[in-house]
Amino acid sequence: MARLLRRLQRCFHRKPGRFFTFFLLYLTAGSLVFLHAVFTNDNAAQPNVAWNVARGSAGGVGKGTHGKTRLTAVSSMKNSTVHERGSDHTESRNPDLKARTIKESDDARAKYIGCYADDIQKRTLKGASFFDYRKMTVFRCQDNCAERGYLYAGLEFGAECYCGHKIQASNASNSDCNMECSGERGTVCGGTNRLSIYRLELTPESVQRYGSATFKGCFWRPKDVTLALPVSAVIMNMSVDKCVDLCTEKELPLAVLGGQRCFCGYPTSHFTLHELKEQELCKSHCEGDDFESCGTEEYFLVYQTQVQDKRCMDRRFLPERSKQLVALASFPGAGNTWTRHLIELATGYYTGSYYFDGSLYNKGFRGEKDHWKSGRTICSKTHESGRREIEAFDAAILVIRNPYKALMAEFNRKYGGHIGFASRAHWKGREWPEFVKSYAPWWASHTLDWLRYGKKVHVVHFEELKKDLFVKLKSMVVFLGVQVSEDRLLCVEGQKDGNFKRSGLRKLEYDPYTPKMRATINDIIKTVDHALRQRKLSGVPEEYRPR
């Protein structure tokens, strides 16, 4: 061995290049072995997220029956500590788990009501469901269900989330809910065939979903039912699903339950869906499902099917070139793209843009390619401010949004795309403070510039547009000089979201604004509010006006 080492030493001494070559080969081999080990471990630790998609569901979340979707997702989890129901759960189960106190969960968002039994064949919560075997938290499940208007959110197996309007099972012992959330240590997320269930406090704008249908509310029976809802049928063992299926088959967007009779039709001037009644007035058990209400002969329960109302889907360029250039002006993140979507549906004409965004063109904004001075579009999007840019337009619709929401929306767009999200690293890093410092003053100067230099400005507050879409959108159509079609506006109400709304699944679980940021933003809100009132306009909405 010593002789071999001496020979190697003499060899490398005579030709040192060989030594460095040998050394580099050794390092390369070691690096390859290391990378292979890391790659293998990463593959074993990849997050496994399974989604249930309901029949006909377009939202990415479906009804609570698992079927093949769940079995496929779970069976692909190699080297994972999460197993199928009925197998050994000892690795993911902790009988000594101490959950956070119930009081900590009883905030304004939700109230913990207990541990309940669940059955894969007959779900306790029959609404939407989703799974995340690495990052499930109580908040995420609650937010997911609340976003879709469900009354209850339940967590099971430490990684599964179920939503529903009714709890269709009996209580279980709280000790049975003993599995830790996959994404939040020290917090309980149900157990084996056991759900930790929370009662949610819904926002007024939340909608309720039953499978692929959207719950619209309880309404008084129209005076002329035949004219308002032309298709009807008496259904034996009536249920919500049966009525929705009938109207979907008839290719009509409204499914209306009135006791044993199911009506189908469109929202029209005879049945506008604007006069919402107390839901208690519609409470009458369905013959086919004791847990559901089917309305009465006097008060109808209304659902919107997945059928698209096509009365407002046709769009075209202006038949003659317009001599008036109208801006659709807003600060970035204030809902300009969504407002364009509404205006196009309401008027039937394409909107243009001061810029060009290929992704928006591909989503149907055909006016995106036109020059903003072409005169072929009803109005043109712009985020510009400054006297010269503003005075290039003859009139403007100015959309103003709560700066706290607008800044976050634009930050998400900047780092995640039109309906994407900024990563947690961006929010926690230096990007967010620098963004607020730069963009917050612009929010104020943008509005002030348009009020100062705009020739004819129609102000629309984003929050008021969401709250009273029919009235506010009608005022914009009138401002644009287009004849108002009430049926078209009613159609827009049913198609209002389009493809431009971010999901609530990735909302921040903390407030990103520091006290210093809030002090600055509150000051600029007061400045804008004062400027609006000086021009005898309504100030900023009460909901974000500083006290």
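How many bridges join β18 to strand β19 (residues 380–382)? In this predicted model, two bridges do the job, and the two strands run parallel. One pairing to look at is Ser-353, which stands opposite Lys-381 in β19. These strands belong to an open sheet of five strands, with parallel pairing and the order β18-β19-β17-β20-β21. At the edges stand β18 (352–353) and β21, each with a single partner strand, so one side of each is left without a neighbour in the sheet.

As for the chain overall, it has 17 helices and 21 strands. Of its 547 residues, 47% count as buried. Contacts with a separation of 6 or more come largely from distant parts of the sequence: 73% of them are accounted for by residues 24 or more positions apart.

Helix α17 can be checked with a ruler. It takes in residues 515–534, and at 1.5 Å a residue these 20 residues should span 28 Å; the end C-alpha atoms lie 29 Å apart, which agrees. Its buried residues are Met-517, Ile-521, Ile-524, Ile-525, Val-528, Asp-529, Ala-531 and Leu-532. These residues cover an arc of only 160° around the axis, which puts them on the same side of α17. On the other side of the helix, Pro-515, Lys-516 and Gln-534 are exposed. The cover over the buried residues of α17 includes two strands of the five-stranded sheet, namely β20 (395–400) and β21 (457–461), along with helices α11 (403–416) and α13 (431–453). After α17 comes Lys-536, with a positive phi near 60°.

Two other helices are worth a look for their burial. Helix α5 (residues 138–147) is mostly covered, with nine of its ten residues buried. The buried set in α5 mixes residue types, and includes Val-138, Phe-139, Arg-140, Cys-141, Asp-143 and Cys-145. In helix α16 (residues 486–494), the buried residues are Arg-488, Leu-489, Leu-490, Cys-491 and Val-492. These pack against two other helices, α8 (336–347) and α15 (469–479).

Strand β12 (residues 261–265) has partners in both β10 and β11. It is mostly covered, as four of its five residues are buried. Four bridges join it to strand β10 (residues 231–234), and this pair runs antiparallel. Five bridges link it to strand β11 (residues 254–258), again in an antiparallel arrangement. Cys-262 of β12 turns up in both pairings: Ala-233 stands opposite it, and it is also the bridge partner of Leu-257. Between β11 and β12 there are two residues, making a hairpin, and Gly-259 in the turn has a positive phi of about 75°.

Another hairpin is formed by β5 and β6, also with two residues between the strands. Here strand β5 (residues 180–181) and strand β6 (residues 184–188) run antiparallel and are joined by two bridges. Cys-181 has Glu-184 in β6 as its bridge partner.

Positive phi values also show up at two asparagines in loops. Asn-193 has a phi near 55°, a positive value in a residue other than glycine, and sits in the loop between β6 and β7 (194–200). With 26% relative accessibility, Asn-193 counts as partly exposed. Asn-237 is not a glycine either, yet its phi is positive at about 50°. This residue lies in the loop between β10 and α7 (240–249), and it is partly exposed too, with a relative accessible area of 43%.

Finally, there is the matter of internal space. The structure holds one cavity of 30 Å³ or more. About 60 Å³ of space lies in the largest cavity. Its lining draws on Ser-322, Gln-324, Leu-325 and Val-326, on Trp-372, and on Gly-375, Arg-376, Thr-377, Ile-378, Cys-379 and Ser-380.

Definitions and conventions. Residues are numbered from 1 along each chain as its sequence is written. This is a predicted model: local features need pLDDT of at least 70, side-chain atom pairs count only at pLDDT 80 or more; totals for chains, interfaces and linings use all residues. Side-chain values use heavy atoms; hydrogens and water are left out. The expected span of a helix is 1.5 Å times one less than its number of residues. Buried means under 20% relative accessible area, exposed over 50%, partly exposed in between (1.4 Å probe, protein chains only). The arc is that of the directions from the helix axis to the C-beta atoms. Contact means heavy atoms within 4.5 Å. Two strands pair if DSSP finds at least two bridges between them. On a 1 Å grid over the protein atoms alone, a cavity is a set of points where a 1.4 Å probe fits but cannot get out, and a pocket is an open set with protein on both sides within 12 Å along at least five of seven lines; lining residues have an atom within 4 Å of a point. Grid points are joined across faces, edges and corners, and a volume is the space filled by probe spheres set on the points.
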